[in-house]
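Thanks for making time this morning. I'd like to walk you through one structure. Have a look at it first.

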There are 2 protein chains.
Amino acid sequence: MGVTITENQPVERRKKIAKILEEKANGLCPVHDFLIHFANKWSMLVVLNLGYAGSPRFNELKSRVSGISQRMLTVTLRSLEEDGLVTRQLYPEIPPRVEYQLTPLGKSLLDVMMGLGEWAAKHEAEIAKARKKFRSRHAD
Amino acid sequence: MGVTITENQPVERRKKIAKILEEKANGLCPVHDFLIHFANKWSMLVVLNLGYAGSPRFNELKSRVSGISQRMLTVTLRSLEEDGLVTRQLYPEIPPRVEYQLTPLGKSLLDVMMGLGEWAAKHEAEIAKARKKFRSRHAD
DNA sequence: CGGGATCCTCATGGATACTG
DNA sequence: CAGTATCCATGAGGATCCCG
């Protein structure tokens with residue numbers, strides 16, 4: 001099989017994209033379906049922080065994800081748990097202790113999220129510059 | 001410099017994540033700032049379709065991104081343009097013709113988006129299974 | 001053709017109070 | 001400690017009409 005890695009070849013790229021955007025039985029492509037559950041303010045940040053912290057407790061995680069409310073952390077964790085990305089381990093002590101952890105599936109997503117995160121960190125300034133320019137051009 | 005690539009090393013990974021989550025002057029980490037503008041239903045799908053189609057016209061793109069409304073395509077494209085990810089080329093003909101295209105910055109994001117897209121396509125079934133299981137367990 | 005301008009709806013998500 | 005339950009504000013996003 002052709003293992004020759006030819007990065008940036010338009011043809012190969014188009015094939016890959018086409019596969020990603022292929023509609024499934026539900027009328028959605030995998031990306032769209034994924035985004036419906038994942039395109040929100042917190043999911044990605046929680047995944048990254050879980051990747052960093054290992055098996056944090058609820059409030060540990062809450063203090064790490066700066067700005068998140070108690071409610072939204074709960075909601076986000078439940079959603080991640082539902083998608084099989086996170087496990088919730090309850091230790092029935094008093095006071096109760098709960099630890100969250102990425103599943104193998106969650107860890108595989110973490111790798112992708114890190115790619116996105118590194119992109120964001122790398123191009124942050126460039127984007128900020130573009131925004132400024134755009135606004136000054138449209139500030140008529 | 002230590003170029004030894006040691007994938008999956010927790011220590012290196014934690015360092016990377018820490019850098020991604022590092023707060024900037026505005027009190028936000030790069031990812032958070034990025035997500036505020038990009039975590040929505042359409043941006044990623046539009047970027048992927050632009051990567052596929054090359055320099056599509058407005059309605060060409062609209063018919064490719066299944067389900068998107070005229071308004072949301074406009075809004076999304078403006079936002080991407082503002083972030084320096086997309087260029088808008090107007091040909092003052094009658095009727096007017098407008099072509100959209102990824103900038104180099106947009107193309108670099110496309111690569112990352114493809115990584116996410118491939119992840120979504122690969123693990124779609126697994127996620128669906130997890131959801132089913134979760135629901136049957138919580139259907140008391 | 002490629003939008004802009006409005007109106008409207010509903011889901012996201014923030015604040016607060018309460019609980020096992 | 002780790003939530004649940006409510007209430008409420010905001011804005012994302014859909015439908016529709018209009019316009020150069």
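I'll go through the DNA contacts, then the core, then a helix, and then a few single residues.

One caution before we begin. This is a predicted model. Keep that in mind throughout.

Let's start with DNA strand D. Which residues come closest? There are 20 residues around DNA strand D, and the closest are A:Arg57, A:Gln70, A:Arg88, A:Tyr100 and B:Arg71. Of the strand D atoms that come within 4 Å of the protein, 59% belong to sugar and phosphate.

Now some individual contacts. A:Arg57 places a polar side-chain atom 2.8 Å from a phosphate oxygen of strand D. A:Arg88 also has a side-chain N or O atom by a phosphate oxygen of strand D, at 2.6 Å. A:Pro96 uses its backbone instead: an N or O atom there lies 3.4 Å from a sugar or linking oxygen of strand D.

Where does this surface come from? From chain A, helix H4 (58-64), helix H5 (70-82) and strand S2 (97-102) each supply at least two residues, and so does helix H5 (70-82) of chain B. H5(A) gives the largest share, 4 residues. By class, the surface near strand D has 8 nonpolar, 5 polar and 7 charged residues.

Next, DNA strand C. Here too, 20 residues lie around the strand. A:Arg71, B:Arg57, B:Gln70, B:Arg88 and B:Tyr100 come nearest. For strand C, sugar and phosphate make up 62% of the atoms that come within 4 Å of the protein.

Three contacts to point out. B:Gln70 reaches a base: a side-chain N or O atom of B:Gln70 is 2.5 Å from a base nitrogen of strand C. B:Asn59 has a side-chain N or O atom 3.0 Å from a phosphate oxygen of strand C. B:Arg78 has a polar side-chain atom 3.3 Å from a phosphate oxygen of strand C.

As for the elements, H4 (58-64), H5 and S2 (97-102) of chain B each bring at least two residues to the surface near strand C, as does H5 of chain A. H5(B) gives the most, with 4 residues. The classes are 8 nonpolar, 6 polar and 6 charged.

Away from the DNA, then, and into the core. The largest nonpolar core holds 75 residues. Which of them touch the most other members? A:Leu48 and B:Leu48. Take A:Leu48. Setting aside neighbours within four places in sequence, A:Leu48 is in contact with A:Leu110, A:Met113 and A:Met114 from chain A. From chain B, A:Leu48 meets B:Ile17, B:Ile20, B:Leu21 and B:Val31.

Back to H5(A). This helix has 13 residues and spans 18 Å from its first C-alpha to its last, close to the 18 Å expected. Its buried residues are A:Leu73, A:Thr76, A:Leu77, A:Leu80, A:Glu81 and A:Glu82. What covers them? The cover includes H2 (30-38), H3 (43-53), H4, S1 and S2 of chain A, along with H6 (104-137) of chain B. Just after the helix, A:Gly84 takes a positive phi of about 80 degrees.

Two buried polar or charged side chains in chain B deserve a stop. The first is B:Asn49, in helix H3. B:Asn49 has a relative accessible area of 3%, so it counts as buried, the cut-off being under 20%. A polar atom of the B:Asn49 side chain lies 2.9 Å from the backbone oxygen of B:Leu45. Beyond four places in sequence, B:Asn49 contacts A:Leu21, B:Leu61, B:Arg64 and B:Val65.

The second is B:Asp83, in the loop between H5 and S1 of chain B. Is B:Asp83 buried or exposed? Buried, at 4% relative accessibility. The B:Asp83 side chain makes a polar contact with the side chain of A:Arg131, at 2.8 Å. B:Asp83 also touches A:Ile127, A:Ala130, B:His37 and B:Leu105, among residues over four places away in sequence.

Last, the backbone. Most peptide bonds are trans. The bond from A:Ile94 to A:Pro95 is cis, with omega near 0 degrees. A:Pro95 sits in the loop between S1 (86-91) and S2 of chain A. In chain B, the bond from B:Ile94 to B:Pro95 is cis too. B:Pro95 lies in the loop between S1 and S2 of chain B.

That's the tour. Questions, please.

Methods: Residues numbered from 1 in each chain as written. Chains lettered and ligands numbered in written order. Predicted model: local features only at pLDDT ≥ 70, side-chain atom pairs only at ≥ 80, totals over all residues. Heavy atoms only, no water. Near = heavy atom within 4 Å. Polar contact = N/O pair within 3.5 Å; in protein donor to acceptor, adjacent residues only side chain to side chain. Nonpolar A, V, L, I, M, F, W, Y, C, P; charged D, E, K, R; others polar. Core = buried A, V, L, I, M, F, W, Y, C linked by side-chain atoms within 4.5 Å. Buried < 20%, exposed > 50% of the residue type's maximum accessible area, 1.4 Å probe, protein only. Contact = heavy atoms within 4.5 Å. Expected span 1.5 Å × (residues − 1).
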